[in-house]
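The following exercises ask the reader to work through a structure one element at a time. Each task is followed by a solution in steps.

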Amino acid sequence: MASPLLFLVLIVVAPAAVLLLALSFLVRPRPVKIPVKGRHVFITGGSSGIGLALAKRAAREGARVSILARSLSKLEDARDMIRVATGVEVAIYSSDVRDGAAVQKAVDAAGPIDVLICNHGVIVPQEMETQSIEDIKFMVDVNLMGTFHLIRAALPGMKRGGGPRSISLMSSQAGQVGIYGYTAYSASKFALRGLGEALQQEVINDDIHVSLIFPPDTETPGFVQESKIRPEVTSKIAGSSVGMKADDVAERTLNGIKSGSFIVPCNFDGLMLAIATCGLSPQRSYLMAFCEVTCAGLLRFVALCFQWGWYATIEKCSARKK
Ligand SMILES: NC(=O)C1=CN([C@@H]2O[C@H](COP(=O)(O)OP(=O)(O)OC[C@H]3O[C@@H](n4cnc5c(N)ncnc54)[C@H](OP(=O)(O)O)[C@@H]3O)[C@@H](O)[C@H]2O)C=CC1
Ligand SMILES: CCCCCCCCCCCCCCCC(=O)[C@@H](N)CO
């Protein structure tokens with residue numbers, strides 16, 4: 001009578017328990033908690049959208065907050081908005097992340113950083129064949145080179161010790177899977193993952209922990225602009241993942257940073273995408289590692305179903321154009 005139960009234990013539960021135990025010893029780097037309260041959080045692109053929501057949240061949680069962007073008037077408006085919402089006065093720095101010297105000056109003026117959030121980003125969605133090389137360079141320079149400038153400027157100050165610190169990079173779900181109309185944008189966002197994986201190995205001994213954030217379409221001023229010019233196919237494919245509000249992305253982001261997660265998905269589709277594209281990324285959570293090991297095959301199948309749908313959409317749209 002007890003034999004089906006015994007069978008279940010032997011075939012499923014026991015191997016799962018052994019795997020979980022093995023993974024709890026195996027995961028590296030080790031789990032870490034990164035506090036935000038009373039610490040210096042530096043957010044680029046903090047004057048709008050996700051960055052502004054992040055700045056508000058960090059201020060509310062008792063951090064000292066600095067924000068950097070180009071437009072001084074937008075920065076001042078953001079500072080006023082955050083003061084009204086939280087009673088906290090944030091420091092503002094007007095620089096272009098493409099200008100390494102200007103970034104260095106701002107970072108020096110702000111003082112040693114505990115949590116660096118490279119959130120700035122630009123997008124011009126368009127098919128590569130018609131996109132100008134200036135627009136392509138624009139996205140790579142801001143999204144990728146700007147991030148290099150920031151990390152290089154902030155690292156010496158961050159290595160001074162005083163508890164675990166974080167470097168977080170705002171990628172996109174389009175940095176996990178290439179999307180029609182996003183050749184340059186996807187390239188710049190995929191690049192952040194390579195940067196982050198390599199950087200984590202270089203800074204682990206300094207108690208610095210890298211996080212990569214992968215949001216879906218998010219309601220922001222930037223997204224409103226993007227939506228006006230984005231190809232129809234791009235909108236359809238991006239619609240495969242449920243859109244979010246900036247504040248909800250900010251909440252996921254800050255929680256991901258605080259829990260020291262390397263990969264930070266923002267919604268359920270993002271979680272599936274993270275498991276399907278886990279590759280050789282570091283993983284601190286043995287539970288997530290367990291999901292990756294056990295679900296990879298099935299999620300590959302799900303991913304192929306999505307690709308099937310996307311190629312059908314592309315065919316339909318191009319047939320209509322002709
Ligand atoms: N909204 C979305 O659908 C998604 C967004 N993301 C990513 O999230 C991040 C934030 O996006 P979102 O909130 O929509 O963006 P917004 O366009 O609303 O805000 C962008 C911010 O970055 C700043 N910025 C842009 N270029 C530069 C530059 N060269 N130097 C310094 N600061 C700059 C802007 O200020 P200023 O113009 O004054 O410089 C602004 O503060 C980006 O990296 C984006 O790629 C990822 C997935 C989805
Ligand atoms: C295996 C399971 C797969 C699960 C579903 C996969 C869905 C992928 C959708 C990708 C959407 C990309 C949106 C990018 C938004 C962005 O970065 C711009 N809006 C920036 O402004």
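Two strands pair if DSSP finds at least two bridges between them. Helices (H or I, at least four residues) and strands (E, at least two) are DSSP runs, numbered from the N terminus. This is a predicted model, in which local features need pLDDT of at least 70 and side-chain atom pairs count only at pLDDT 80 or more, while totals for chains, interfaces and linings use all residues. Residues are numbered from 1 along each chain as its sequence is written, and chains are lettered from A and ligands numbered from 1 in the order in which they are written.

**Exercise 1. Determine how strand S1 pairs with S2, and whether the residues of S2 are buried or exposed.**

Step 1. Strand S1 covers residues 40-44 and pairs with S2 in the parallel sense over 5 bridges. Within this pairing, Val41 has Val65 of S2 as its bridge partner.

Step 2. A residue is buried if 20 or more other C-beta atoms lie within 10 Å of its own, exposed if 12 or fewer, and partly exposed in between; C-beta atoms are placed from the backbone. Because 6 of the 6 residues of S2 are buried, S2 is largely enclosed by the rest of the structure.

Step 3. Both faces of S2 are covered. One side carries Arg64, Ser66 and Leu68, and the other carries Val65, Ile67 and Ala69.

**Exercise 2. Describe strand S6 and its pairing with S5.**

Step 1. Strand S6 spans residues 208-214, and 7 of its 7 residues are buried.

Step 2. Ile208, Val210, Leu212 and Phe214 lie on one side, with His209, Ser211 and Ile213 on the other.

Step 3. Strand S5 (residues 165-170) is joined to S6 by 6 bridges, and the two run parallel. Ser166 has His209 as its bridge partner in S6.

**Exercise 3. Which residues of helix H3 are buried, and what covers them?**

Step 1. Helix H3 (residues 72-86) has 15 residues and reaches 21 Å from its first C-alpha to its last. This is close to the 21 Å expected at 1.5 Å a residue, where the expected span is 1.5 Å times one less than the number of residues.

Step 2. The buried residues of H3 are Leu75, Ala78, Arg79 and Ile82. They cover an arc of only 100° around the axis, which puts them on the same side of H3. The arc is that of the directions from the helix axis to the C-beta atoms.

Step 3. Ser73, Asp80 and Val84, on the other side of H3, are exposed.

Step 4. The cover over the buried residues includes helix H2 (49-60), strand S2 (64-69) and strand S3 (91-94). Contact here requires that the C-beta atoms of two residues, placed from the backbone, lie within 7 Å.

Step 5. Just after H3, Gly87 takes a positive phi of about 80°.

**Exercise 4. Examine the backbone at Pro29 and at Asp207.**

Step 1. Most residues other than glycine have a negative phi, and most peptide bonds are trans.

Step 2. Arg28 and Pro29 are joined by a cis peptide bond, with omega about -5°. Pro29 is found in the loop between helix H1 (3-26) and S1.

Step 3. Asp207 is not a glycine, yet has a positive phi of about 65°. Asp207 lies in the loop between H6 and S6. With 15 other C-beta atoms within 10 Å, Asp207 is partly exposed.

**Exercise 5. Which residues come nearest to ligand 1 and to ligand 2, and how do the two shells divide by class?**

Step 1. A residue is near a molecule or strand if its C-beta atom, placed from the backbone, lies within 6 Å of it. Of the 30 residues around ligand 1, Gly45, Gly49, Arg70, Gly121 and Gly222 come nearest.

Step 2. H2, H5 and H7 each supply at least two residues of the ligand 1 shell.

Step 3. Ala, Val, Leu, Ile, Met, Phe, Trp, Tyr, Cys and Pro count as nonpolar, Asp, Glu, Lys and Arg as charged, and the others, Gly among them, as polar. The shell around ligand 1 has 10 nonpolar, 15 polar and 5 charged residues.

Step 4. Around ligand 2 there are 22 residues, of which Ser172, Gln173, Ser241, Met272 and Ala276 come nearest. Helix H7 (221-229), helix H10 (268-276) and helix H11 (286-321) are the elements that give two or more residues to this shell. Its residues divide into 14 nonpolar, 5 polar and 3 charged.
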